[in-house]
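I open this notebook to record what I looked up in one chain. The entries begin with a single contact list and widen from there.

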Amino acid sequence: MKISERHGREIGREYALRVLKENIVMLELEPGSRISENELAQELGVSRTPVREALIELSKGKIVEVYPQKGSYVSLIDWSLVEEAQFLRLTLERAVIRLACQGLEEERLQGLEKNVRLQLFYLENNEISELLKLDNQFHKELFHITDKSHIYRLMSNMNLHFDRLRTLRTKAVDQRYVIEDHMNILDAIRMENPDKGEEAIVKHLTRHEIDRDITYSKYPQYFKEKL
């Protein structure tokens, strides 16, 4: 477990939920692993109640399984839930990219370009965890610059299923394509070409289908069902 610092105004449940999400997505808490309420509460410096509340919240999205008298476990990766999360992201991000291609202020475009340059830096220095954070930030920024930030927050829990598969793929597949995809998305926005933008976002968000067999063959123990 990696314990990040508590934000100034975070209540205990919010803090526990954020730390759990971060560790589940980054596979610090591996699929199938047990979560100890007592240990987590001690590490976070909170009581068991906010930890339990965070686990119940995650269980609603089927990312954690809570068994009375037995404990809580990180769910194995379920392809059907990954595909649901992908469907949600595809539906929303296709619409968002078309909005972005209607014209953006130069300052907002420069923010996206800075993000991609940093991605290249971290890739070249083999800092994959930082690359993943920037990848997430890139997509979050697309929602922000099109005034759809609230929608991004609403889909965050479902995204956990998709995002931890993305993390797993970084261990199995070269990640240079991530930057190339983002560059293509940026090109479409600069050209104000919504068709090209939608094509680029669809290609980017469906790459896990191509890498599916490679990822499963390396980490079959993390998956709920056999391929």
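**Entry 1. Ile 145**

I first listed the contacts of Ile 145: leaving out residues up to four places away in sequence, Ile 145 touches Leu 104, Arg 108 and Leu 112. I note here that the model is predicted. Ile 145 belongs to helix H6. Its relative accessible area is 3%; the cut-off for buried is under 20%, so I entered Ile 145 as buried. I also looked up a separation: Ile 145 and Leu 99 are 46 residues apart along the chain, and their C-alpha atoms are separated by 9.4 Å.

**Entry 2. Leu 109**

I turned next to Leu 109, which lies in helix H5. Is Leu 109 buried or exposed? I found a relative accessible area of 5%, and Leu 109 is therefore buried, given the limit of under 20%. With neighbours within four places in sequence set aside, I recorded Leu 104, Leu 186, Ile 189 and Arg 190 as the contacts of Leu 109. Leu 104 thus stands in the list for Leu 109 and in the list for Ile 145. For Leu 109 and Gln 119, ten residues apart in sequence, I noted a C-alpha to C-alpha distance of 16 Å.

**Entry 3. Backbone angles**

I then checked phi. Most residues other than glycine have a negative phi. Lys 62 is not a glycine, yet its phi is positive, at about 65 degrees. I located Lys 62 in the loop between helix H3 (48–60) and S2. Lys 62 has a relative accessible area of 54% and is exposed, the cut-off being over 50%.

Asn 126, also not a glycine, has a positive phi of about 55 degrees. Where is Asn 126 found? I placed Asn 126 in the loop between helix H5 (106–124) and helix H6 (128–145). Asn 126 counts as exposed, at 60% relative accessibility.

**Entry 4. The sheet**

I counted twelve helices and three strands in the chain. The three strands form an open sheet, ordered S1-S3-S2, with antiparallel pairing. Strand S1 (34–35) and strand S2 (64–67) are at the edges with a single partner strand each, so one side of each has no neighbour in the sheet. I recorded four bridges between S2 and strand S3 (residues 71–74), in the antiparallel sense. Which residue in S3 is the bridge partner of Val 66? I found Ser 72 in that role.

**Entry 5. The whole chain**

I closed with values for the chain. The C-alpha trace spans about 55 × 45 × 35 Å along its principal axes. The radius of gyration is 18 Å; because a compact globule of 227 residues would have a value near 17 Å, I noted that the chain agrees with this. Buried residues make up 47% of the 227 residues. Of the contacts with a separation of 6 or more, 72% join residues 24 or more positions apart.

For the surface, I entered an accessible area of about 12100 Å², with 48% of it belonging to carbon and sulfur atoms. How far apart are the mean positions of the positive and negative charges? I recorded 4 Å, for 35 positive and 39 negative charges.

Technical notes:
Residues are numbered from 1 along each chain as its sequence is written. This is a predicted model: local features need pLDDT of at least 70, side-chain atom pairs count only at pLDDT 80 or more; totals for chains, interfaces and linings use all residues. Side-chain values use heavy atoms; hydrogens and water are left out. Helices (H or I, at least four residues) and strands (E, at least two) are DSSP runs, numbered from the N terminus. The radius of gyration is taken over C-alpha atoms; the globule rule is 2.2 Å times the number of residues to the power 0.38. Buried means under 20% relative accessible area, exposed over 50%, partly exposed in between (1.4 Å probe, protein chains only). Contact means heavy atoms within 4.5 Å. Accessible areas come from the Shrake-Rupley method with a 1.4 Å probe; for residues, only the protein chains shown count as cover. Lys and Arg count as positive and Asp and Glu as negative; His and the chain ends are not counted. The place of a charge is taken as NZ of Lys, CZ of Arg, CG of Asp or CD of Glu. Two strands pair if DSSP finds at least two bridges between them.
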